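Me: Please take a close look at how the two domains of this protein meet, and then follow the chain outward from there. I am in my first year, so I would welcome a careful, connected explanation.

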Amino acid sequence: MEAPAPYAESRPLAVEELELGEPGPTELRVRITAAGVCHSDLSVVNGNRPRPLPMLLGHEATGVVEVLGPEVTDLEVGQHVVMAFLPRCGRCAACRTEGLLPCTVGSRANAEGTLMEGARRLSSPTRGTVHHHLGVSGFATHAVVDRRSVVPVGADVPAPVAAVLGCAVLTGGGAVINAARATPDDAVAVVGLGGVGLAALLVAKAVGCRRVIAVDALPEKLGIAQDFGADETLTPDEVVQLKEKPRVVIEAAGHPRAFETAFNATGVGGVTVTVGLPAPGAMSEIEPLKLTAEARQVIGSYLGSAVPAVDIPKYEQMWRDGVLPLEKLITSHIRLEQINEAMDELDAGRTVRQVIEFPEA
Ligand SMILES: [Zn+2]
Ligand SMILES: [Zn+2]
């Protein structure tokens with residue numbers, strides 16, 4: 001699958017028919033209605049996040065329940081669900097940290113490309129067994145997933161909005177709410193305005209943070225941030241020069257230079273939250289004295305330190321109340337056949353969220 005950009009030419013992702021097994025006892029089959037194209041999908045394609053191959057990608061998705069395994073008694077056929085890409089067993093030590101640490105069992109299943117109970121339900125005569133991507137594999141018309149990989153969502157939520165709840169919003173919003181514990185008294189800066197960064201911006205506005213600063217090197221992104229309601233838009237060079245530094249800075253670019261910018265932009269007593277996924281081995285340079293002398297914190301947050309079953313309904317309600325305009329995140333609606341072109345758009349930073357829609361067959 002790994003291939004050089006432009007992906008429209010190297011075509012690392014093939015669109016083809018696979019066989020989908022029946023759901024196991026704790027699993028269900030979902031007809032996918034929409035799937036967002038996220039940077040973590042691109043990270044598999046460009047080799048930054050090595051995964052077992054072959055793999056069916058896509059981890060930010062939503063759909064309608066079609067078939068339930070015998071042990072899944074709390075969902076109904078026809079119910080709408082959002083996929084959560086880090087299933088929680090609910091029993092391990094990490095699960096008892098309320099989202100602070102990713103579930104050990106779920107993380108292992110994700111690393112091995114299986115569902116929660118170790119099964120792989122995807123195969124084809126030519127490729128053999130195909131791995132699941134983060135328990136979801138949403139770039140497909142249907143998925144078999146574990147019960148612990150889905151969260152029910154209202155049928156009134158449009159599919160593209162429901163899809164982005166599962167990754168961009170959980171991660172960006174969780175960085176603000178769970179990791180930084182931002183309040184209306186806080187100024188918040190967001191460094192890196194992709195889907196996750198802009199979701200963080202929207203959530204910071206929704207919880208009433210008094211000043212929200214959007215930071216990106218690309219002028220187009222700063223224009224988008226203005227439309228998203230940012231109080232101020234700055235380049236990385238400008239934000240570190242601010243006299244009144246924000247208490248909370250979220251790094252959502254996944255680049256070591258962006259982390260340095262975020263660290264240097266954080267105020268005294270402040271917290272720098274990093275949610276990005278830089279290339280393995282990439283190094284940042286920071287001045288540790290600032291941590292001590294300014295009583296600062298640096299927090300790494302995976303999936304926005306979220307418990308999806310708790311947080312997704314919270315964001316869903318904020319959307320319904322009109323304070324979290326998630327439609328803004330969706331910059332284009334595409335077909336599955338355009339997936340390699342979508343990777344190029346993402347790679348070039350030309351887009352916020354491209355959402356693949358699956359018309360009902
Ligand atoms: Zn994602
Ligand atoms: Zn667990």
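**Where the domains meet**

Reply: In this predicted model, the protein chain is divided into domain 1, made of residues 7-155 together with 325-357, and domain 2, made of residues 168-304. The centres of domain 1 and domain 2, taken over C-alpha atoms, are separated by 27 Å. Where the two parts touch, 15 residues of domain 1 are in contact with 17 residues of domain 2.

The area buried between domain 1 and domain 2 comes to about 1,600 Å², and carbon and sulfur atoms give 69% of that area. On the side of domain 1, the residues that lose the most area to domain 2 are Lys328, Leu329 and Val352, which together account for 31% of what that side buries.

Lys328 deserves a second look, since its side chain also meets that of Asp227 in a salt bridge, with 3.7 Å from N to O. Side chains of opposite charge can pair when their charged atoms come close. Between domain 1 and domain 2 the count is one salt bridge, and there are three residue pairs in polar contact, with both residues of each pair at pLDDT 80 or more. If we sort the residues on the side of domain 1 that touches domain 2, we find seven nonpolar, four polar and four charged.

Let us now turn from the contact between domains to the metal. The zinc ion (ligand 1) has as its protein donors Cys38 through SG, His59 through NE2 and Cys167 through SG, and these lie 2.0 to 2.2 Å from the ion. Along the chain, the donors of the zinc ion follow the spacing C-x20-H-x107-C. Two of these donors link distant parts of the chain: His59 is in the loop between strand E3 (55-56) and strand E4 (60-68), whereas Cys167 is in helix H4 (residues 159-179), 108 residues apart.

Salt bridges can be followed through the rest of the model too, where the count comes to 21. One of them joins the side chains of Glu66 and Arg29, at 2.9 Å from N to O. Because Glu66 lies in strand E4 and Arg29 in strand E2 (residues 27-37), this pair ties together parts that are 37 residues apart in sequence.

Finally, a few details of the backbone are worth a careful look. Most residues other than glycine have a negative phi, and most peptide bonds are trans. Against that background, a cis peptide bond joins Ala5 and Pro6, with omega about 0°, and Pro6 is found in the segment before helix H1 (7-10). Another cis peptide bond joins Leu53 and Pro54, with omega about -10°, and the place of Pro54 is in the loop between helix H2 (39-45) and strand E3. Ala295, although not a glycine, has a positive phi of about 50°, and this residue sits in the loop between helix H9 (288-293) and strand E15 (297-300).

Notes. Residues numbered from 1 in each chain as written. Chains lettered and ligands numbered in written order. Predicted model: local features only at pLDDT ≥ 70, side-chain atom pairs only at ≥ 80, totals over all residues. Heavy atoms only, no water. Domains from an automatic or database assignment. Contact = heavy atoms within 4.5 Å. Buried area = accessible area lost by both parts, 1.4 Å probe. Salt bridge = Lys/Arg side-chain N within 4 Å of Asp/Glu carboxyl O. Polar contact = N/O pair within 3.5 Å; in protein donor to acceptor, adjacent residues only side chain to side chain. Nonpolar A, V, L, I, M, F, W, Y, C, P; charged D, E, K, R; others polar. Donors = N, O, S within 2.8 Å, 3.2 Å for Na, K, Ca; no water. Helix = DSSP H or I, 4+ residues; strand = E, 2+ residues; numbered from the N terminus.
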